[in-house]
Amino acid sequence: ILLAKSIVTVDTHSCKGCELCISVCPKHVLAIDKTEFNARGVFPASVADPDGCVGCASCAIMCPDGAITIEREVE
């Protein structure tokens, strides 16, 4: 059986920090990065728990700026 690991990526330059992605993530994979702000002057979302992603893509669907991508890596 091939297992697919999900990889979530946030384009921090495009993120406006609206937190919509965080609100819909069932596994609490995303969080606001309070250590560094982007060119927009906001703290962007970041991947806080990369191993927790189940690949549901709720965050990518919810993101109004298309700043999130989900990829599957076959193990």
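C21 is buried in this predicted model, because its relative accessibility is just 7%. Its sulfur doesn't find a partner, though: the closest cysteine sulfur belongs to C15 and sits 6.1 Å away, which is too far for a bond. C25 tells a similar story. With a relative accessible area of 13%, C25 is buried, and its sulfur lies 6.1 Å from that of C56, the closest cysteine sulfur, again too far for a bond. A disulfide needs the two sulfur atoms within 2.5 Å. Searching the whole structure turns up zero disulfides.

Now for the serines. S23 belongs to helix α1, which covers residues 20-24. Is S23 buried or exposed? S23 counts as exposed, because its relative accessibility is 55% and the cut-off for exposed is over 50%. Its side chain makes a local link, reaching the backbone oxygen of L20 at 2.7 Å. There is also a long-range neighbour to mention: S58 is 35 residues away from S23 in sequence, yet their C-alpha atoms are 9.6 Å apart in space.

S6 has another setting. You'll find S6 in strand β1, residues 4-10, and a relative accessible area of 5% makes S6 buried. A polar atom of the S6 side chain lies 3.3 Å from the backbone nitrogen of G55. G55 is also one of the residues that S6 touches once those up to four places away in sequence are set aside; the others are P50, C53, V54, E71 and R72.

Here are the accessibility values for the residues discussed in this report, including two phenylalanines that come up next.

| Residue | Relative accessible area | Class |
|---|---|---|
| S6 | 5% | buried |
| C21 | 7% | buried |
| C25 | 13% | buried |
| F43 | 34% | partly exposed |
| S23 | 55% | exposed |
| F37 | 57% | exposed |

On to the aromatics. How many aromatic pairs are there? The count comes to one aromatic pair. F37 and F43 make it up, with ring centres 6.3 Å apart and planes at 80°, an edge-to-face arrangement. The label follows from the angle, because planes over 60 degrees apart count as edge-to-face. As for solvent, F37 is exposed at 57%, while F43 is partly exposed at 34%.

Stepping back to the whole chain, there are two helices and four strands, and from the N terminus they run β-α-β-β-α-β. How does the size work out? The radius of gyration is 12 Å, close to the 11 Å that the globule rule gives for 75 residues, so the chain is as compact as a globular protein of that length. Along the principal axes, the C-alpha atoms fill a box of roughly 45 × 20 × 20 Å.

What about burial and surface? Of the 75 residues, 25% count as buried. The accessible surface comes to about 4,900 Å², and carbon and sulfur atoms account for 55% of that.

Finally, the contacts. Taking those between residues at least 6 apart in sequence, 62% join residues at least 24 apart. The contacts of S6 with E71 and R72 are handy examples to look up in the structure.

Methods: Residues numbered from 1 in each chain as written. Predicted model: local features only at pLDDT ≥ 70, side-chain atom pairs only at ≥ 80, totals over all residues. Heavy atoms only, no water. Buried < 20%, exposed > 50% of the residue type's maximum accessible area, 1.4 Å probe, protein only. Polar contact = N/O pair within 3.5 Å; in protein donor to acceptor, adjacent residues only side chain to side chain. Phe/Tyr/Trp six-rings, centres within 6.5 Å; stacked < 30°, edge-to-face > 60°. Rg over C-alpha atoms; globule rule 2.2 N^0.38 Å. Contact = heavy atoms within 4.5 Å. Areas by Shrake-Rupley, 256 points an atom, 1.4 Å probe, with all protein chains shown as cover.
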